[in-house]
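Please look through the structure shown here with its aromatic rings, its helix packing and its buried and exposed positions in mind. The paragraphs that follow take these topics one after another.

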Amino acid sequence: MNGKRPAEPNPGRTGKKRKKEVMVDFSDAVTEEILKKQVAEAWSRRTPFSHEAIVMEMDPFLHCVIPNFIPSQNFLEGLQKELLNLDFHEKYNDLYKFQQSDDLKKRREPHICALRKILFEDFRAWLSDISKIELESTIDMSCAKYEFSDALLCHDDELEGRRIAFILYLVPPWDRSLGGTLDLYNVDEHFQPKQIVKSLIPSWNTLVFFEVSPVSFHQVSEVLSEEKSRLSISGWFHGPSLTRPPNYFEPPIPRSPHIPKDHEILYEWINPTYLDMDYQIQIQEEFEQQSEILLKEFLKPEKFADVCEALEKGGVKWSSRGPPNKRFYEKAEESTLPDILKDCMTLFHSEALFLLLSNFTGLKLHFLAPSEEDEMDDTKKEEAASAPDSTEEGTSYSSSEPENTPAAISSNSQQSNEQTDPEPEENEAKEESSVPTCQGELRHWQTGHYTLIHDNSKTEFALDLLLYCGCEGWEPEYGGFTSYIAKGEDEELLTVNPENNSLALVYRDRETLKFVKHINHRSLEQKKTFPNRTGFWDFSFVYYE
């Protein structure tokens, strides 16, 4: 009976939990009635407001900064100590790289509990009053630690129910040269981010909050300090969802059929090893197994040297490709290319290369390449001849067994095989009308460049081709590699690292997405060996059957 009843509190008793409750308030100045009214009026009228206790700006979207958010230094130091004792997990995908704690919603540490209480009770009530948004009691907060080369790229924070985002900084003395700024973007007429128009430098005990909306594009710039850690607590206050404008779809990139150029162009440009028919059969067999292959020393050495020299020389006009919530890199303006680079682009558009790629992959990228129906007929003939070992003969185009056509890079080959068969009539109609096409560009990759997976990323069966130049000494830790992932997953299916004069071929299906990982400041190491080199180049093409 004794054990079923809790004993009276006893100071000498050692219980499971005897943590002293910590009490704290946020800045009195902000809660002062006259100031609160002025802030509410500025919010309502969408006009800037400045006071020593709070600054509200409207450009490029509504955001506020409260310095000295919590008056007690002792509390902040205790909070920082608790946070640094948490378990942190690396968060890593196309959009970000940093360390994050577990959700702070149920942590029992006294300072974390006290902060949670003032943020999601007292401060939430104050914020509801000034914004006239009925903020819910949903607790959504975690701790983030950004160290050298960590970053969070351009995004808008929009997710069902998020209305106001906040960040409380607990950083050592910080300045712009250390990176880690909160960068805010303006937008174009399609509500797409354009450029950074404001950068907020993290500062100890400063709270930043902003309204989450279709235009609240921001990023955490890469941390450049190798000694200092950017520690912050961030999260969202939830409320009734805003209606979003319709999604903007970018105009599709034009695709073109091959340029009539015969096999002479291949003998002029390509390593003769790859023009050997027996070797093409080997390549195809491997490709059909893996759905990807890396062909080293692809161009003739003298041609590759000429291409690299032309790229190193400059004289090419590059234009920046955006918007930054989708991509950031430089694309060559083809009209400005010197002849050697124009000729290389012609090679990748040429009829002869379409046929060579058919031979390498078993895909029907040229009318001379056999289709699956042809292969079925061949198989039937072979079966009729009842020659069990005759399949070893094959052709230079593809294996005689139709199921050996490449299954495409996919998280689930079963799924990918199902996907290849839409409605039969639709498929036949498509076969009749489809002409193999391609699209391609010459790209320059430097520190800060990347591509992102986004909501409107189009997924379809396609053959990706990449040929790299100028990447001697390039290390995977610099970024710049192409990563393939399954839709809705972060786990990588395949990574293609930049490698000089190597041709990467990857066949992907409708469930597979790709991105180029953000190139971080570690990549500047390349300058130690190659003082005039900034990044690398690639010829990037996509072929469609």
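**Aromatic pairs, helix packing and burial**

A search of the whole structure finds 26 aromatic pairs, and the reader should keep in mind from the outset that this is a predicted model. One of the pairs is formed by F123 and F237, whose rings are 6.0 Å apart from centre to centre, with 50 degrees between their planes, an arrangement described as tilted. Because F123 belongs to helix α4 (residues 110-131) and F237 to strand β13 (residues 230-238), this pair ties together parts that are 114 residues apart in sequence. F123 and F237 are both buried.

Another pair is made by Y329 and W445, and here the ring centres are 4.8 Å apart and the planes stand at 35 degrees, so this pair is tilted; the tilted class covers planes that are neither under 30 degrees apart, which would be stacked, nor over 60, which would be edge-to-face. Y329 is a residue of strand β16 (residues 327-332) and W445 of strand β17 (residues 437-445), so the pair ties together parts that are 116 residues apart in sequence. Y329 counts as buried at 2% relative accessibility, and W445 is buried with a relative accessible area of 0%.

Returning to F123, one finds that ring pairs link this residue and F237 into a cluster that also takes in F26, F69, F120, W126, F166 and F209. Rings also take part in arrangements with charged side chains: the charged end of K145 sits over the ring of F88, at 4.3 Å from the ring centre, and the charged end of K303 sits over the ring of W269, at 4.6 Å from the centre of that ring.

Helix α4, which carries F123, also packs against helix α3 (residues 73-84), with the two axes 8 Å apart and at an angle of about 115 degrees. The helices α3 and α4 are therefore roughly perpendicular to each other, and their crossing is left-handed. On the α3 side the contact is made by F75, G78, L79, E82 and L83, while α4 contributes P110, H111, I112, A114 and L115.

What surrounds a single buried residue can be followed at L503, which is found in strand β22 (residues 503-508) and which counts as buried because its relative accessibility is 0%. Leaving aside neighbours within four places in sequence, L503 is in contact with I293, L294, L295, F298, F348, L465, L466 and L467. One of these partners, L465, is 38 residues from L503 along the chain, and the C-alpha atoms of the two are separated by 6.9 Å.

P246 offers the opposite case, for this residue is exposed, with a relative accessible area of 74%. P246 lies in the loop between β13 and α5 (264-269), β13 being the strand that holds F237. From C-alpha to C-alpha, P246 and F191 are 10.0 Å apart in space, although 55 residues apart in sequence.

Helix α9 (residues 351-361) is mostly covered, since ten of its eleven residues are buried. The buried residues in α9 are A352, L353, F354, L355, L356, L357, S358, N359, F360 and T361. After α9 comes G362, whose phi is positive, near 80 degrees.

Notes
Residues numbered from 1 in each chain as written. Predicted model: local features only at pLDDT ≥ 70, side-chain atom pairs only at ≥ 80, totals over all residues. Heavy atoms only, no water. Phe/Tyr/Trp six-rings, centres within 6.5 Å; stacked < 30°, edge-to-face > 60°. Helix = DSSP H or I, 4+ residues; strand = E, 2+ residues; numbered from the N terminus. Buried < 20%, exposed > 50% of the residue type's maximum accessible area, 1.4 Å probe, protein only. Lys NZ or Arg CZ within 6 Å of the ring centre and 35° of its normal. Axes fitted to C-alpha atoms, helices over the stretch in contact; angles between N-to-C directions. Parallel < 35°, antiparallel > 145°, perpendicular 65-115°, else oblique. Left-handed = near helix turned anticlockwise from the far one by under 90°. Contact = heavy atoms within 4.5 Å.
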